[in-house]
Amino acid sequence: MKTVEDVKKAFMDNIYYANQEEKQNTKKMYENIFNEDSAKFIEYYYKWKTKDNAILIMKNEIHELEVMIHLNPYLINFCHTVAKVSYLVAVATYPKYRRQGKMNRMMKQVLHDLYEKKEPFTFLLPAEEAYYKGQGFVYAGKNEAVQNMMGKKCTEYENKSEWEQGSRVRSSDADSDNNVSENGYSCEKIRAKDISVLTKITNEVLNTAADITIQRDGTYYERLLEETTSEQGGVLKISKDGILIGTIAYGATGLEQVEVKEIIVKEPYQKDKNEILQIAFPTAQVIMEEMKIMIRITNLYVFCRLLRKKEPYRKKITVVDSLVEENNGSFEIKIDKMNGTICKIEANQTEETMEISKLTQELLNDTTYFLREWV
């Protein structure tokens, strides 16, 4: 529940969600603060992502933009239940308005709104880890699904001469239909006719490998094509003996360097991902992009009811959440492979008091995820 002080500050600072015209007016701030992004990528972002996202903005009394947070919607598979969550990106404050508590008020508003929308959690790719930890975001769950599919970090590849030599032994490029390895692997850019099959394959692979994944569909791949193209890359389909088995999404960071956003391959072929990458990018140095995602519970009730755990979890606790007051209280939480429940109890029945961040880590300690979105 908002206090009188919260309402006063919101009125004074004029915090609200931008309409479609005002969304475009935030582009100047995005260009100014995120100047490492290319002009083509920013054009893509404001053409595609602002179609259905929400942008919370803060303006002062003379209508100058001070702070913004973009909430980009995704459908996720959360322990085999499809749910909507928001990916927080372009979290920004103009330098002259920083360290005044403005972003904290904005983040509190966003988290409250996501609670009201019954979104179980939100996630982001942190620029300042310490700040977001203070907002209740944590590195949680297990990253095994990413490690199994993506393989080693780029530095490990770069330090192995056999990888560097192998990645340069062929001169044809990824657009070629005739670039086939000794084991029958080939890579080429996807076509419209491939999308329905790729969607089915990637969803099956990801939902088997991880508990939390982005749900793919035709629109997702249409957008992903535009996104990777804006970064001088693309989306490739991977075939084995002419049969579709997976996909690679990538951007180019230089004339002889590509950054792989994701490589998703059916399980029997994951052991050959090095060979597949060599076929896909025969003359380029390959960087396996590392994305360290932070997660934050937004609606504890929905989160607990959707979560499933391999090992039974039962605890009576008092939860403390300084930003989402509705998550505060004393609860009995019970989660196993089949069900998740959360019930209010009396404070004198609890076993311990726990911050929402610690509870997030505890609840997700055996949960695997595959979340690898740029925006």
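Strands, as named in this tour, are DSSP runs of at least two E residues, numbered from the N terminus. The structure on display is a predicted model.

**First stop: strand 6**

Select residues 185-189, which make up strand 6, and within that strand locate S186. Is S186 buried or exposed? Its relative accessible area is 13%, and because buried means under 20%, S186 counts as buried. Next, display the contacts of S186, leaving aside its neighbours within four places in sequence. The residues to highlight are N179 and V180, then K237, I238 and S239, and finally I279.

**Second stop: strand 2 and its partners**

Move to residues 54-59, which form strand 2. How many of the residues of strand 2 are buried? The count is 6 of the 6, so strand 2 is largely enclosed by the rest of the structure. In a regular strand, side chains alternate between the two faces of the sheet. Colour A54, L56 and M58 in one shade, as they point one way from strand 2. Give I55, I57 and K59 a second shade, since these residues point the other way. Both sets are buried.

Now add residues 15-17, which are strand 1; strand 1 runs antiparallel to strand 2 and is joined to it by 3 bridges. Within this pairing, look at Y17, which stands opposite L56 of strand 2.

Then select residues 65-78, strand 3, which also pairs with strand 2 in the antiparallel sense, over 6 bridges. Here I55 is found opposite H70 of strand 3. Follow the chain from strand 2 to strand 3 through their hairpin, where 5 residues lie between the strands. In this hairpin, stop at H63, which takes a positive phi near 65°.

**Third stop: an open sheet and a helix**

Turn to the open sheet of 4 strands, whose order is 15-14-13-16 and whose pairing is mixed. Which strands form its edges? They are strand 15 (340-344) and strand 16 (352-355), each of which pairs on one side only. On average, neighbouring strands of this sheet are turned by 40° against each other, direction ignored.

Within the sheet, select residues 313-320 for strand 13 and residues 329-335 for strand 14; the two pair in the antiparallel sense over 7 bridges. One pair to label is R314 with K334, its bridge partner in strand 14.

Finally, show residues 356-363, which form helix 14 and pack on the sheet. Helix 14 touches strand 13, strand 14 and strand 16, and its direction makes about 95° with that of strand 16.

Definitions and conventions:
Residues are numbered from 1 along each chain as its sequence is written. This is a predicted model: local features need pLDDT of at least 70, side-chain atom pairs count only at pLDDT 80 or more; totals for chains, interfaces and linings use all residues. Side-chain values use heavy atoms; hydrogens and water are left out. Two strands pair if DSSP finds at least two bridges between them. Axes are lines fitted to C-alpha atoms, for helices over the stretch in contact, and angles run from 0 to 180 degrees between N-to-C directions. Contact means heavy atoms within 4.5 Å. Buried means under 20% relative accessible area, exposed over 50%, partly exposed in between (1.4 Å probe, protein chains only).
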